[in-house]
Structures are given as C-alpha cells and as structure tokens.
Amino acid sequence: MNFDQYPSEVAELIQTAPLCPLGPGKADRSVFERLEAIQVNSLSDKPVKDREMARACISGLWLLWNYLDESHTVSQDLPSSTGSFWHGIMHRREPDYGNAKYWFRRTGDHPAMDSLAQRANELASDAKLDGPTQFLAERHWDPMAMVDACEAVSRGKCANEELLRKVARAEWETLFEYGYSRAF
C-alpha cells in the first residue's frame, strides 16, 4: 500500500491499525476522535471528484478500527457497488453471515475483485489450504466463500484464521485504494 498518497493523519490511521479481525473486534477508543474528525474534504489535499467514494473510504476507516456501527451508518447510505461491498464486510464481521451475503450479491462483480483475487492468491501460495480456504487459490474473488470461511473459523471448522485475517486486511486495503483513487 502506498501511504504517500494519503494525508499524514489518514496514513497513520491505516499504518497503525491492527490486523483485521474476522469478527466484530473491539473498537479502539483511543482513535475515536481522530476518526470522527475525518470528513470528505479532509481525506485528501486534492479536490473531491466522487463524494460517494470518499464517504466509502470513511466507512472503511471506521471498519478498520472495529467501529462497526459507525461504518454501517455510512455504508448503508451508499447505493453504489462499493458501498455494498463495505456494507457486506461490516455484516460479515458482526457476524451476520446471511445479511453479508445479501450485500455481496448487491455488490456484483466489483472492479476491485480482480486485484483482490491476485493478492489473496499471493497470500495463500505458501499456505496449506483446508476446505473452507480453497477458494483463495482461485483466480476470481468469491466474497460468498470468504463469508463461509469466516463462519467456518467461528465454528472451529477452519484452521486458517491467521491467513484469513491477512486476506481480510488485503481486502480492506484493495477496496480502500480503489475508492480513494476514484474519490480524488
């Protein structure tokens, strides 16, 4: 991830975030005020080209720090495929797996999924994949399989939690970069 493209406050929030949990995680109160201060116009020094994409980035930042309700408040008002993608990730983490799949169906074949599939392939290349994580070796990103794998971890039926957490971080980075590049 190229942090030079972001204002220092945004770059620092991304760089210092812990590895994405597969579940709800615990919101870090020490960053609440910093997250709350970020607005569409403070995400970049460049002029806003797409306000909805900028708001999607804000939803992502809330989610990165495990503020699911705040992320949901933003993403549920974004009618685009990108808004649905963030909304799906948030519901997957709640966990509300059925609702996550609903939002991923609304996402459709998102343009960031090709890059995400490549990143997931790279992360999985040296791993011993079990049944729930076999999809990581595919050339196409399957958000439904990611939901199923996260559910399998929560039920103790998948041994690749750490790999899936790294993939979830790659998913977050890929979607954030996609939205940011269109927002500004």
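**Close-up views of a predicted model**

**View 1. Enclosed space in the predicted model.** A single cavity of 30 Å³ or more is counted, where a cavity is a set of points on a 1 Å grid over the protein atoms alone at which a 1.4 Å probe fits but cannot get out. The largest cavity holds about 60 Å³ of space, the volume being that filled by probe spheres set on the points. Local features of this predicted model need pLDDT of at least 70 and side-chain atom pairs count only at pLDDT 80 or more, whereas totals for chains, interfaces and linings use all residues. Residues are numbered from 1 along each chain as its sequence is written, and side-chain values use heavy atoms, without hydrogens and water.

**View 2. Lining of the largest cavity.** Cys-20, Pro-21, Leu-63, Ile-89, Arg-92, Arg-93, Ala-168, Glu-171 and Trp-172 line the largest cavity, each with an atom within 4 Å of a point. Helix 5 (81–93) and helix 9 each contribute at least two residues to this lining. By class, the lining comprises six nonpolar, no polar and three charged residues.

**View 3. Packing of helix 7 on helix 9.** Helix 7 (residues 113–124) packs against helix 9 (residues 161–183) at an angle of about 155°, and their axes lie 9 Å apart. Helix 7 is therefore roughly antiparallel to helix 9, a term for angles over 145 degrees. The contact (heavy atoms within 4.5 Å) involves residues including Leu-116, Arg-119 and Leu-123 of helix 7 and Val-167, Ala-170 and Glu-171 of helix 9. Seven nonpolar, two polar and five charged residues make up this contact.

Conventions: Axes are lines fitted to C-alpha atoms, for helices over the stretch in contact, and angles run from 0 to 180 degrees between N-to-C directions. Helices (H or I, at least four residues) and strands (E, at least two) are DSSP runs, numbered from the N terminus. Angles under 35 degrees count as roughly parallel, over 145 as roughly antiparallel, 65 to 115 as roughly perpendicular and the rest as oblique. Ala, Val, Leu, Ile, Met, Phe, Trp, Tyr, Cys and Pro count as nonpolar, Asp, Glu, Lys and Arg as charged, and the others, Gly among them, as polar. On a 1 Å grid over the protein atoms alone, a cavity is a set of points where a 1.4 Å probe fits but cannot get out, and a pocket is an open set with protein on both sides within 12 Å along at least five of seven lines; lining residues have an atom within 4 Å of a point.
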